[in-house]
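Open the model in your viewer and keep the selection panel to hand. The stops below say what to pick and what you will find there.

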Amino acid sequence: MAGTRTEKIWRFVLAGPLVLLATLIIMAGSSLWLPEGQAQVNNFVIPVVLLPAIWAVLFFYSVLDRLGRASVVIFILTAVHAALIAQHLLQAQQ
Amino acid sequence: MLKLQQKTTQTMLALHGWGAVIFGLLLYWVILTGTIAVFADDINDWASPLPAAITETFPLGTDAMLRKAAADVAPEYLDELIVFATAGGRIRAFFHTHAEAEDGEHPEEKGVLFVFDPESGDILQRFEGTQSEIEAQSHYGKLGHFLVEWHVQLHVPSPWGLMLTGILGLSLLVACVSGFAMHRHLIKDAFLRRRRGGDVLSHKDAHVMASTWNLPFAFILAFTGSFYSLAGAFAIPAIAMVAFGGDQEKLIETVQGLPPAEDPRPAEMANIDTMLEDVRAAGHRTRFLTVDHWGRQDARISVFPWQAEGELLPKGYAFDAQTGENLGEKPALGQSPSLGSDLVALMGPLHFGNFAGWLSKTVWFALGFAGAYVCISGLTLWVKRREQQKTWQYLLRATLWSAWGLPLALVAAAAAYLLQQAGVLAGAVEPLMFKAFGLCLALSGILAGIVRRVTGVRRILVISLGLGLCALVALRLLLGGPGWVSAATGGLTAVVVLDVALLLGGAWLLRREWRKTLALPEEPLIDTGDMEVNTP
């Protein structure tokens, strides 16, 4: 995790609070594209069960990959899921 | 053997070490209390046994007990009923409804709690009020509950406590993955134990060997534990908000099914004993049962048994409340079997180790204990590597304080429970347990801070714990608990087994310290860490 002081601080922020926030958004957003299954529960139960795995993958990726690439990939994943959530909630309001 | 780039290995080492330094002590608290809480039900049976073991958890006559209680509560409390066994096999039935709490911000359960003697059917206790008022008065099962609350949320109010333990679970996950990645020789590490006195290498071997064997189990516990904590703290509310647009009723309907149409007309309830017999005939032992709308046309009854021999996943049965007809098995979630429901159901047995009775619980206890050892040995190894830096000696003292002070404080809490139960201490049991726990922890903390030599801190705390474990058995007997002969003849297995375990544990600690005192020190006793890492 070598780098300048700024890079170290950004890596810490990315791997800590931002990855936790990204995990929450990706988990919640996944419930909108995962198949429901016959019992209509798979889409929202499986993301909750896999929450620790989602976090672990994002966390290790954020500390092991190049800082710039890791930031972009995590940002895109989060933004896509956040957009899905926003679209769903807006549709529900109409 | 994993081949990692040097930079990756350094990152993993930093994550493993600093993660342990930041979270290690709290993680030890959660792991140790969770390890002991594997036997929470048995500890409750040990602390508050009936004169003889019960033949069935919910014997013939349960129906009559519930009918007698139902006739003795206000009609609104017949809205919901949950019945389960508590200390010694007593039956606990809570008739309740959901009322608005005093703060007006959240609903709170309000009703009447009955505690029955399962053999005679007599009502032993009756408490009325909100759930928090009832819990403040009730006694049975509180010792196990005290332990479980430390493990689940460190007695920090929800959702903060759950978030904290969830983050600790994630930190354990990081320790497992980074520890695994750093193992250069996984098979060799599992057996390598170089005894070279108190040097860093032999300490490292002890830590690596214990953690290698414990790795799969620690991973499972970290995953399932963080799932339980984080799901309750924010994952379920968040997903309910997104997937159901905040419509809680829709979420409940999807998970539990559409409730029958409201029909408040009175109706005779079918015999619950027959339903329990039906579950028994299928090879199951009932764990708990629920009744919605007791005595109404729209009543619903569900029975949830323990897993039968050879079963991993728990299940539930639905019954027609008027005819008593078995409507079949209920999935854990949803109205038909699903992968999601099975995954959720799998989390319980994997985390609690309750799928094969005493055998699986003993294995879970042993592996949990190894996990607690790995926490302490890892922290001590960290300090050992920085022996010349005085600042880190505070961490060593804090580690010793946690390692021995926490179990000592738990013994003090158990003693407070026994004294309150016998009427020696007056007042509600939970505050008394907290006072005893806090006082003991504070005293051991002061001791850990002021005793000059680190070795001295360890010796005093270990001897105190050894004596405390033995004294707990003596206290139980002195306060009128069943003797060993009557416990053995009465089939009170938990009393006999836990008494023996406490005495053996106490004797082993005292013998260990006695031998250490007799042996010549392997290295000069200096102010800095002369602690035996391989036997924390």
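Start with chain A and its contacts between residues at least 6 apart in sequence: 69% of them join residues at least 24 apart. Bear in mind throughout that this is a predicted model.

**Stop 1: chain A**

Colour chain A by secondary structure. You will see 4 helices and 0 strands. From the N terminus the order is α-α-α-α. Turn the C-alpha trace along its principal axes; the spans are about 50 × 30 × 15 Å. Chain A has 94 residues, and 34% of them count as buried.

Now colour by pLDDT. The mean for chain A is 93, with 98% of its residues at 70 or more. Select helix 3 (residues 51-64) of chain A, which has the highest mean pLDDT among the elements of that chain, 96. Then select helix 2 (residues 42-49) of chain A, which has the lowest, 93.

**Stop 2: where the chains meet**

Show both chains. Select the contact residues: 35 in chain B and 31 in chain A. Which elements of chain B give two or more residues to the side that touches chain A? They are helix 1 (6-37), helix 6 (160-182), helix 8 (200-243), helix 9 (248-256) and helix 11 (339-352) of chain B. Highlight helix 8 of chain B, which gives the most, with 12 residues. Next, colour this side of chain B by residue type. It divides into 24 nonpolar residues, 11 polar and no charged.

**Stop 3: the sheet of chain B**

Hide chain A and select the strands of the open sheet in chain B. There are 8, in the order 4-3-2-1-5-6-7-8, with antiparallel pairing. Which strands stand at the edges? Pick strand 4 (123-130) and strand 8 (326-330) of chain B: each has a single partner strand, so one side of each is left without a neighbour in the sheet. Look along the sheet for its twist, which averages 20° from one strand to the next.

Zoom in on strand 1 (80-85) and strand 2 (91-100) of chain B. They run antiparallel, joined by 6 bridges. Select Phe84(B); its bridge partner is Arg92(B) in strand 2 of chain B. These two strands form a hairpin with 5 residues between them. In the turn, click Gly88(B), which has a positive phi of about 75°.

Step across to strand 3 (107-116) of chain B. Strand 2 and strand 3 of chain B run antiparallel, with 10 bridges between them. Label His98(B) and, opposite in strand 3 of chain B, Glu109(B).

Go to the other end of the strand order. Strand 7 (residues 316-320) and strand 8 of chain B pair in the antiparallel sense over 4 bridges. Here Gly316(B) stands opposite Lys330(B) in strand 8 of chain B.

**Stop 4: helices across the sheet**

Add helix 3 (residues 62-70) of chain B. This helix lies across strands 1, 2 and 3 of chain B and runs at about 35° to strand 2 of chain B. Then add helix 10 (residues 272-281) of chain B. Helix 10 lies across strand 5 (286-292), strand 6 (300-305), strand 7 and strand 8 of chain B, running at about 35° to strand 6 of chain B.

**Stop 5: domains of chain B**

Finish by colouring the assigned domains of chain B. Domain 1 covers 62-140 and domain 2 covers 386-536. Place a marker at the centre of each, taken over C-alpha atoms: 36 Å separate them.

Definitions and conventions:
Residues numbered from 1 in each chain as written. Chains lettered and ligands numbered in written order. Predicted model: local features only at pLDDT ≥ 70, side-chain atom pairs only at ≥ 80, totals over all residues. Contact = placed C-beta atoms within 7 Å. Nonpolar A, V, L, I, M, F, W, Y, C, P; charged D, E, K, R; others polar. Domains from an automatic or database assignment. Pairing = 2+ DSSP bridges. Axes fitted to C-alpha atoms, helices over the stretch in contact; angles between N-to-C directions. pLDDT = per-residue confidence, 0-100. Buried ≥ 20, exposed ≤ 12 C-beta atoms within 10 Å, placed from the backbone.
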